[in-house]
Amino acid sequence: MRRTTCVAVSAALILALPACSADTRQPLRGVLTTPTDIDLDWTGARPGADGHVLEFATDEAGPYTVLDHLPRQVSTYRHPDLMPHTTFFYRLRAYRGPVSRPARTELPDGIRFTWTDDSTDEDGFLLEMRRKNSDGYDPVAVVGPDTTATTLITLPGEKQAAFRIRAFVLGEQSNVVRLTSGE
């Protein structure tokens, strides 16, 4: 049993080696935790970062697909139920940007938000929600640049939450992590 444990740890460490090191200040790491689940983590937020965008691809050159927009306080992510025997590439990008309060119109099953686009170089807008009794805001919707409205279908209790809109700009990408799922 001890020998199996040592081999598993060694394999995990080899799998977590980054394919390149574009940014050593915020290294992205990953490990295959089950044959079809990959756990990713990174160290702290960059100074001035408001959150992170985690992306993946099946070819290092891309195209990359966004897995999630994550608030500043989140530094781990599980990519579950992956296709077996497939190589995945991951990268992380910090985002920053000003926030404002959108106008809201209550709908029977949600809320319609509108705002003024005062930005000239945004990569998009994040609608962020702070649930009742919560300290921070979490991204709940992403819309493209030059957008000035979106509708959010809400769950019970979410209409009482606080909302804000963030015009975000993406920063440099992290290192790229390459991992291959098992059987």
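What share of the contacts in the protein chain with a separation of 6 or more is accounted for by residues 24 or more positions apart? In the predicted model described here, such residues account for 70% of those contacts. The protein chain holds one helix and 15 strands, and of its 183 residues 39% count as buried. The chain exposes about 10,200 Å², of which carbon and sulfur atoms supply 53%.

Charged side chains were examined next. A search of the whole structure finds 11 salt bridges, among them one in which the side chains of R166 and D50 meet at 2.9 Å, taken from N to O. Because R166 belongs to strand β14, which spans residues 162-173, while D50 sits in the loop between β3 (37-42) and β4 (51-57), this pair ties together parts that are 116 residues apart in sequence. The two partners are covered to unlike degrees: R166 is buried, with a relative accessible area of 5%, whereas D50 is partly exposed, with a relative accessible area of 26%.

Strand β14 contributes to a further salt bridge, in which the side chains of R164 and E128 meet at 2.7 Å from N to O. Here R164 lies in strand β14 and E128 in strand β11 (residues 124-130), so that parts 36 residues apart in sequence are tied together by the pair. Both R164 and E128 are buried. Another salt bridge is formed by the side chains of R131 and E158, with an N to O distance of 3.7 Å. Since R131 is placed in the loop between β11 and β12 (138-143) and E158 in the loop between β13 (149-153) and β14, the pair ties together parts that are 27 residues apart in sequence. In this pair R131 is partly exposed, with a relative accessible area of 39%, while E158, at 12% relative accessibility, counts as buried. Salt bridges that share partners join D50, E128, R164 and R166 into one network. As a general matter, side chains of opposite charge can pair when their charged atoms come close.

Strand β14 also holds A167, which is buried, with a relative accessible area of 7%. The C-alpha atom of A167 is separated by 7.6 Å from that of D123, although the two residues are 44 residues apart along the chain. When residues up to four places away in sequence are not counted, A167 touches R96, G97, P98, S119, E122, G124 and F125.

A second arginine environment is found in strand β7 (residues 87-96), where R91 is placed. At 16% relative accessibility R91 counts as buried, because the limit for that class is under 20% relative accessible area. The side chain of R91 makes a polar contact of 2.6 Å with the side chain of E55, and a polar contact of 3.0 Å joins the side chains of R91 and Q173. With its neighbours within four places in sequence left aside, R91 is in contact with L28, V53, L54, E55, Y64, Q173, S174, N175 and V176.

The strand arrangement was considered last. Three strands form an open sheet in the order β2-β3-β6, with antiparallel pairing. The edge strands of this sheet are β2 (28-34) and β6 (76-79), each of which pairs on one side only, and the twist averages 20° from one strand to the next. Within the sheet, β2 and β3 pair in the antiparallel sense over six bridges, and T34 stands opposite D37 in β3.

Elsewhere, strand β10 (residues 110-114) and β13 run antiparallel and are joined by five bridges, with T150 in β13 as the bridge partner of F113. The side chains along β13 alternate: T150 and L152 point to one face and are buried, whereas A149, T151 and I153 point to the other face and are not buried. In a regular strand the side chains alternate between the two faces of the sheet. T150 is thus both the bridge partner of F113 and one of the buried side chains of β13.

Notes: Residues are numbered from 1 along each chain as its sequence is written. This is a predicted model: local features need pLDDT of at least 70, side-chain atom pairs count only at pLDDT 80 or more; totals for chains, interfaces and linings use all residues. Side-chain values use heavy atoms; hydrogens and water are left out. A salt bridge is a side-chain nitrogen of Lys or Arg within 4 Å of a carboxyl oxygen of Asp or Glu. Helices (H or I, at least four residues) and strands (E, at least two) are DSSP runs, numbered from the N terminus. Buried means under 20% relative accessible area, exposed over 50%, partly exposed in between (1.4 Å probe, protein chains only). Two strands pair if DSSP finds at least two bridges between them. Axes are lines fitted to C-alpha atoms, for helices over the stretch in contact, and angles run from 0 to 180 degrees between N-to-C directions. Contact means heavy atoms within 4.5 Å. Accessible areas come from the Shrake-Rupley method with a 1.4 Å probe; for residues, only the protein chains shown count as cover. A polar contact is a pair of N or O atoms within 3.5 Å; within protein, one must be able to donate a hydrogen and the other to accept it, and residues adjacent in sequence count only if both atoms are side-chain atoms.
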